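Trainee: Could you take one part of this model and go through it closely? I would like to see how its side chains are placed and paired, and then how that part sits in the whole.

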Amino acid sequence: MSNPYQHIKGHERILNAFGYWPSFHDAEIRSVLLDRSSVLFEEVADTRLDVCLHAFEWTRDTQPAFNHHLVLLRFHEINDVNINGFNHQNAIMEFKIEDHVQHPDAAVGLKLTFVSANGLSGSFCAASAEVLSVIPCDDAGRPRHNAEP
């Protein structure tokens with residue numbers, strides 16, 4: 001049985017950055033973009049949600065330190081969007097990713113939930129997802145020089 005995050009195209013980039021799949025505990029949601037301007041097929045729009053998270057996890061070294069990255073994810077064919085509370089600081093306890101089947105004949109999609117610590121909270125469903133970038137950053141969320149997307 002696979003973990004739900006394995007349905008995310010490019011999830012290996014996050015595994016490579018952190019050494020494991022993070023819970024995103026205490027991550028900060030830097031931005032959320034809802035978009036319907038791209039075409040899925042014919043004249044049907046691809047409803048998308050992009051989220052940028054400033055994630056940091058402890059390294060598993062003998063001298064543990066925080067490992068900071070900006071993680072940009074894109075979710076396609078989103079529905080059941082319920083997001084609220086976006087403010088000046090949007091820390092989450094967890095970014096929960098679960099398998100979700102919209103219809104009996106549909107492929108397995110995802111249900112995503114932002115478990116709030118402060119600010120933004122909510123959930124949505126998506127047919128598919130991809131990692132757009134994983135960029136090393138400093139503790140303030142500023143990209144490090146010479147970082148590759």
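Mentor: Start with the cysteines, keeping in mind that the model is predicted. C125 has a relative accessibility of 5%, and because the cut-off for buried is under 20%, C125 counts as buried. The structure holds zero disulfides. C137 is accordingly in no disulfide, and its nearest cysteine sulfur belongs to C52, 8.5 Å away. A sulfur pair has to lie within 2.5 Å to be called a disulfide, so the 8.5 Å between C137 and C52 does not qualify. C137 is buried as well, with a relative accessibility of 0%.

Now to the part I would look at closely, strand 3, which covers residues 44–58. What are its side chains paired with? Take R48 and D35, whose side chains meet in a salt bridge with an N to O distance of 2.6 Å. R48 lies in strand 3, while D35 belongs to strand 2 (residues 28–41), so this pair ties together parts that are 13 residues apart in sequence. Both partners are covered: R48 has a relative accessible area of 15% and is buried, and D35, at 17%, is buried too.

D50 provides another link from strand 3. D50 forms a salt bridge with R74, and the closest N and O atoms are 2.8 Å apart. Here the partner R74 sits in strand 4 (residues 66–76), so the pair ties together parts that are 24 residues apart in sequence. D50 is buried at 9% relative accessible area, and R74 is buried at 18%. Strand 3 is therefore joined by one salt bridge to strand 2 and by another to strand 4. As for the principle, side chains of opposite charge can pair when their charged atoms come close.

A search of the whole structure finds three salt bridges. Besides the two above, R142 forms a salt bridge with D138, with 3.0 Å between the closest N and O atoms. Its surroundings are open to a different degree: R142 counts as exposed at 52% relative accessibility, and D138 as partly exposed at 23%.

Back in strand 3, V44 is placed in that strand and has a relative accessible area of 37%, so V44 is partly exposed. V44 forms a nonpolar surface patch together with L40 and F41, and the three have about 240 Å² of accessible area together.

As for the whole, the protein chain has one helix and nine strands, in the order β-α-β-β-β-β-β-β-β-β along the sequence. Its radius of gyration is 16 Å, close to the 15 Å that the globule rule gives for 149 residues, so the chain is as compact as a globular protein of that length. The C-alpha atoms fill a box of roughly 50 × 35 × 30 Å along the principal axes. Buried residues make up 40% of the 149 residues. Of the contacts with a separation of 6 or more, 59% are between residues 24 or more positions apart. The chain exposes about 8600 Å², with carbon and sulfur atoms supplying 49% of that area.

Notes. Residues are numbered from 1 along each chain as its sequence is written. This is a predicted model: local features need pLDDT of at least 70, side-chain atom pairs count only at pLDDT 80 or more; totals for chains, interfaces and linings use all residues. Side-chain values use heavy atoms; hydrogens and water are left out. Patches are made of residues with over 30% relative accessible area and no salt bridge: like charges are joined within 9 Å, nonpolar side chains (Val, Leu, Ile, Met, Phe, Trp, Tyr) within 5 Å. Accessible areas come from the Shrake-Rupley method with a 1.4 Å probe; for residues, only the protein chains shown count as cover. A salt bridge is a side-chain nitrogen of Lys or Arg within 4 Å of a carboxyl oxygen of Asp or Glu. Helices (H or I, at least four residues) and strands (E, at least two) are DSSP runs, numbered from the N terminus. Buried means under 20% relative accessible area, exposed over 50%, partly exposed in between (1.4 Å probe, protein chains only). The radius of gyration is taken over C-alpha atoms; the globule rule is 2.2 Å times the number of residues to the power 0.38. Contact means heavy atoms within 4.5 Å.
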